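Here are a few exercises to work through with the model open beside you. Try each one before you read its solution.

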Amino acid sequence: MTEYKMFEGCTIGNRIPFIEAASRKVFEKLNIQTSQAPFSCCPDPTGMKSFDNNAWLAIGARNLCLAEEENKDIISLCNGCTNTLRGVKHQLNHDSSKKERINLELSKIGREYKGTIDVKHFVDVLKDKSDEIKNLITKHLTGLNIACHPGCHYMRPSEWMESDDPMRPMNLKEIVSLTGANVINYDVEALCCGSAVHNAYEEYGALILKEKLDAIKKAGADVICVNCPACFQQFDTQQRNLTKNFEKEYNIPILYLTELLALAMGMSPDEIGLKFHRVRLNSVIEKLGL
Amino acid sequence: MIDFEFRKQVMDYHMGSDIIKYCYQCSRCTDYCPVSKVTKDFYGTTGYDPRKNILNALLGYKEAIFNSDSLTIWGCTVCDTCDELCPQNIELTEIFTFLKNESIIKGEGPDFLYSQAKAIFDTAKAIPSQSAIERRRQQLDLPAVLSPNVDEIKTLLKNIGLDKKLKED
């Protein structure tokens with residue numbers, strides 16, 4: 001049985017842990033085994049990489065070393081962490097001078113990057129378990145209209161993410177449709193949520209988010225399904241500000257893919273901490289009769 | 001003015017240094033950039049413009065990039081859309097990473113990045129653990145997050161010189 005090293009990441013682990021709770025419960029049902037490791041920040045591919053690429057490489061490579069030392073692949077719950085860990089592997093495996101430089105630094109803390117393990121986004125692991133997921137659905141989400149937002153870093157850059165079509169992503173939609181829910185198409189499905197630029201220029205992040213949400217609202221979504229904590233936060237916490245600044249009502253609840261699957265596998269909203277979401281899920285819970 | 005040293009750094013930065021020379025300014029990057037869309041005026045004379053950044057970078061026009069509004073560099077939201085759509089396979093976002101790293105050295109990056117880097121230097125996490133969240137993890141039956149070895153991270157970062165780029169709070 002494959003056992004993965006769980007990489008929950010800073011945002012899920014230390015800010016929105018209810019997503020980790022739903023994920024662990026779904027993994028347990030699917031017999032996906034994980035164990036912990038004392039990983040540091042991945043670090044952030046839109047933050048630390050922009051700050052200092054070498055520091056990003058060194059910290060990322062050290063995290064890879066921890067998994068290598070146990071000879072186990074990593075399963076990541078976050079687009080950013082997956083993007084960093086796969087991106088670091090890509091740079092080190094394709095640029096021998098970078099690898100030498102980083103291994104020189106790692107040797108000073110008694111470690112060496114070898115490149116022997118793989119980093120998997122949890123969506124890709126779930127995709128390979130479609131049949132098992134289907135068999136575990138006890139509460140069909142019939143009639144629920146879901147807009148899927150896989151986020152940028154799940155599939156871009158395709159050169160090192162190697163997960164899905166970079167501009168017409170399908171994996172998230174396919175997994176969501178296993179629940180019997182109605183996956184709706186909308187304009188700008190591959191568009192960014194605006195999270196990264198939001199940190200430096202709030203007004204531009206908000207305009208990108210608005211473009212996305214306007215299209216989702218127009219398509220008639222009851223809920224938005226995501227697989228990235230940064231996107232989750234952007235959608236869940238910024239809708240109220242959009243309403244304030246643009247005098248337009250959104251109020252579209254967000255579900256992480258593993259939360260949606262947990263509900264479809266018969267778990268209760270309380271069990272997975274849905275009450276911790278900012279945008280209330282009452283409309284969804286009512287529609288599903290939960 | 002052309003800065004040849006800067007031009008060389010840009011060329012060296014791109015994996016496959018030849019590729020960036022073949023940019024023919026088709027503007028697909030800017031046309032599909034979500035930030036350009038919300039910042040450019042009708043004639044495209046203002047706002048974030050990845051096409052212009054690539055042109056200035058490959059020609060070595062350092063001042064045109066660094067002596068203008070900080071949006072020129074920091075408007076990028078790292079969505080990697082331009083990388084996918086570039087017909088010449090230029091990894092634009094990697095070049096923009098280089099420009100951002102240079103801007104940080106000059107102390108001209110956005111504040112949140114200095115705070116994030118400081119948090120990682122001090123605690124090995126971008127978002128340090130808090131007692132309220134630790135309690136919530138217990139309520140949710142989650143195991144405690146294992147503490148990373150902060151000393152190892154500090155040693156790595158000091159040897160790379162990251163501590164010198166940090167700003168005091």
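**Exercise 1. Find the strands that pair with β5(A), and say whether β5(A) is enclosed.**

Start with β6 (residues 182-184) of chain A: β5(A) pairs with this strand in the parallel sense, over three bridges. Strands pair here if DSSP finds at least two bridges between them, and a strand is a DSSP run of E with at least two residues, while a helix is a run of H or I with at least four, both numbered from the N terminus. Within β6(A), Ile184(A) is the bridge partner of Ala147(A).

Next, look at β7 (residues 223-226) of chain A, which also pairs with β5(A) in the parallel sense, over four bridges. There, His149(A) has Val226(A) as its bridge partner.

Now for the surroundings: β5(A) spans residues 145-149, and four of its five residues are buried, so the strand is largely enclosed by the rest of the structure. Buried means that 20 or more other C-beta atoms lie within 10 Å of the residue's own; 12 or fewer means exposed, anything in between partly exposed, and C-beta atoms are placed from the backbone.

A word on the ground rules: this is a predicted model, where local features need pLDDT of at least 70 and side-chain atom pairs count only at pLDDT 80 or more, whereas totals for chains, interfaces and linings use all residues. Residues are numbered from 1 along each chain as its sequence is written, and chains are lettered from A and ligands numbered from 1 in the order in which they are written.

**Exercise 2. List what Ile146(A) touches, then place it in the core.**

Leave out residues up to four places away in sequence; the contacts of Ile146(A) then include Val176(A), Ala181(A), Val183(A), Ala221(A) and Cys225(A). Contact means C-beta atoms, placed from the backbone, within 7 Å.

Then zoom out. The largest nonpolar core has 128 residues, and Ile146(A) is among the five that touch the most other members, along with Ala55(A), Ile224(A), Cys225(A) and Val226(A). Such a core is a set of buried Ala, Val, Leu, Ile, Met, Phe, Trp, Tyr and Cys residues joined through C-beta atoms within 7 Å. Helix α4 (residues 53-69) of chain A gives this core its largest share, nine residues.

**Exercise 3. Work out the strand order of the open sheet in chain A.**

Reading across, the four strands run β2-β1-β3-β4, with parallel pairing. At the edges sit β2 (33-35) and β4 (119-121) of chain A, each pairing on one side only. Zooming in, β3 (residues 74-76) of chain A and β4(A) share three bridges, and Ile74(A) has Val119(A) as its bridge partner.

**Exercise 4. Decide how covered α4(B) is, and what it packs against.**

Count first: seven of the 10 residues of this helix (residues 50-59) are buried. Among them are Arg51(B), Lys52(B) and Ile54(B). The buried residues pack against several chain B helices, including α1 (4-13), α5 (62-66) and α8 (92-105). Just after the helix comes Gly60(B), with a positive phi near 85 degrees.

**Exercise 5. Describe the contact between chain B and chain A.**

Each side first: 53 residues come from chain B and 53 from chain A. On the chain B side, α11(B) gives the most, with seven residues.

Conventions:
Two residues are in contact if their C-beta atoms, placed from the backbone, lie within 7 Å.
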